[in-house]
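Take a look at the sequence and the fold below. We'll walk through a few spots together, one at a time.

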Amino acid sequence: MNKIGIFYGTSGSTTLGIVDELEFQLRKENYQTYNVKDGIEAMKDYDNLILVTPTYGVGELQPHWQKQYETLSKMDFHGKVVGLIGLGNQFAFGESFVGALRVLYDVIVKNGGKVVGFVSDKEYSHEETTSVIDGNFVGLPIDETNQGSKTPQRIISWLEVVKKEMK
């Protein structure tokens, strides 16, 4: 498998904890991690990407991702395999739970990328969210507030699926 580029945006420690767990689970793989506040230009150097974002407001991107949105929206994702991880609170924000996933998904698909790692919405409680297509989230939803004990196994299971799709 080719090297994986992990790109994350964060304004607090919860997303960093998820990135740490992701790195731990990928310790035998070849990967490099980037904070998007420093830019996203390195995405062009990877065929395999994992993008991590919390959701802010009502389904909005985290501020560092938002600052990179114009660059992201012009990026060519043809030939790239992308896994998405979104953080949110399914009970407090059930109508927009991990909505930022959909923002990233739409850009990647529009620009020719292949998004992998869809996750069934059956183990989550949400009213409605744009991040679900045909009963599946467009990436891995993480709710550290309400289901934090499930996070490590969810990441392990998700990575098993995603790595099979990566080149």
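Lysine 80 sits in the loop that links helix H2 (63–73) to strand S5 (81–87). Helices here are DSSP runs of H or I with at least four residues, strands are runs of E with at least two, and both are numbered from the N terminus. Before going on, keep in mind that this is a predicted model, where local features need pLDDT of at least 70, side-chain atom pairs count only at pLDDT 80 or more, and totals for chains, interfaces and linings use all residues. Residues are numbered from 1 along each chain as its sequence is written, and side-chain values use heavy atoms, with hydrogens and water left out.

So what does lysine 80 have around it? Which side chain of opposite charge is nearest to lysine 80? That is aspartate 47, 4.7 Å away, and buried lysine 80 has no salt bridge. Buried means under 20% relative accessible area, with exposed over 50% and partly exposed in between (1.4 Å probe, protein chains only). For charges, Lys and Arg count as positive and Asp and Glu as negative, while His and the chain ends are not counted. A salt bridge needs a side-chain nitrogen of Lys or Arg within 4 Å of a carboxyl oxygen of Asp or Glu. A polar atom of the lysine 80 side chain does lie 2.4 Å from the backbone oxygen of tyrosine 46. Leaving aside neighbours within four places in sequence, the contacts of lysine 80 (heavy atoms within 4.5 Å) include Met43, Leu49, Gly113 and Lys167.

Right after that loop comes S5, and 7 of its 7 residues are buried. Val81, Gly83, Ile85 and Leu87 point one way, while Val82, Leu84 and Gly86 point the other way. In general, side chains in a regular strand alternate between the two faces of the sheet.

Here is how S5 pairs up; two strands pair if DSSP finds at least two bridges between them.

| Partner of S5 | Sense | Bridges |
|---|---|---|
| Strand S3 (residues 48–56) | parallel | 7 bridges |
| Strand S6 (residues 114–116) | parallel | 3 bridges |
| Strand S10 (residues 140–142) | parallel | 3 bridges |

Some of the bridge partners can be named. Valine 81 is the partner of asparagine 48, and lysine 114 in S6 is the partner of valine 81. To get from S5 to S6, the chain passes through helix H3 (residues 99–110) in a right-handed β-α-β crossover. Right-handed means that, with the strands pointing away from the viewer, the path from the first strand over the helix to the second runs clockwise. Over in S10, leucine 140 stands opposite isoleucine 85.

A crossover turns up elsewhere too. Strand S1 (residues 4–8) and strand S2 (residues 31–35) are parallel, with 5 bridges. The chain goes from S1 through helix H1 (residues 13–25) to S2, and this β-α-β crossover is right-handed.

Now for an open sheet. It has 3 strands in the order S7-S9-S8, with antiparallel pairing. Strand S7 (119–120) and strand S8 (132–133) are at the edges with a single partner strand each, so one side of each has no neighbour in the sheet. S8 and strand S9 (residues 136–137) share 2 bridges, and isoleucine 133 is matched with asparagine 136.

Last stop: leucine 159, in helix H5 (residues 151–165). Why does leucine 159 count as buried? Because its relative accessibility is 4%. Not counting residues up to four places away in sequence, leucine 159 touches Leu22, Gln25, Leu26 and Ile50.

Technical notes. A polar contact is a pair of N or O atoms within 3.5 Å; within protein, one must be able to donate a hydrogen and the other to accept it, and residues adjacent in sequence count only if both atoms are side-chain atoms.
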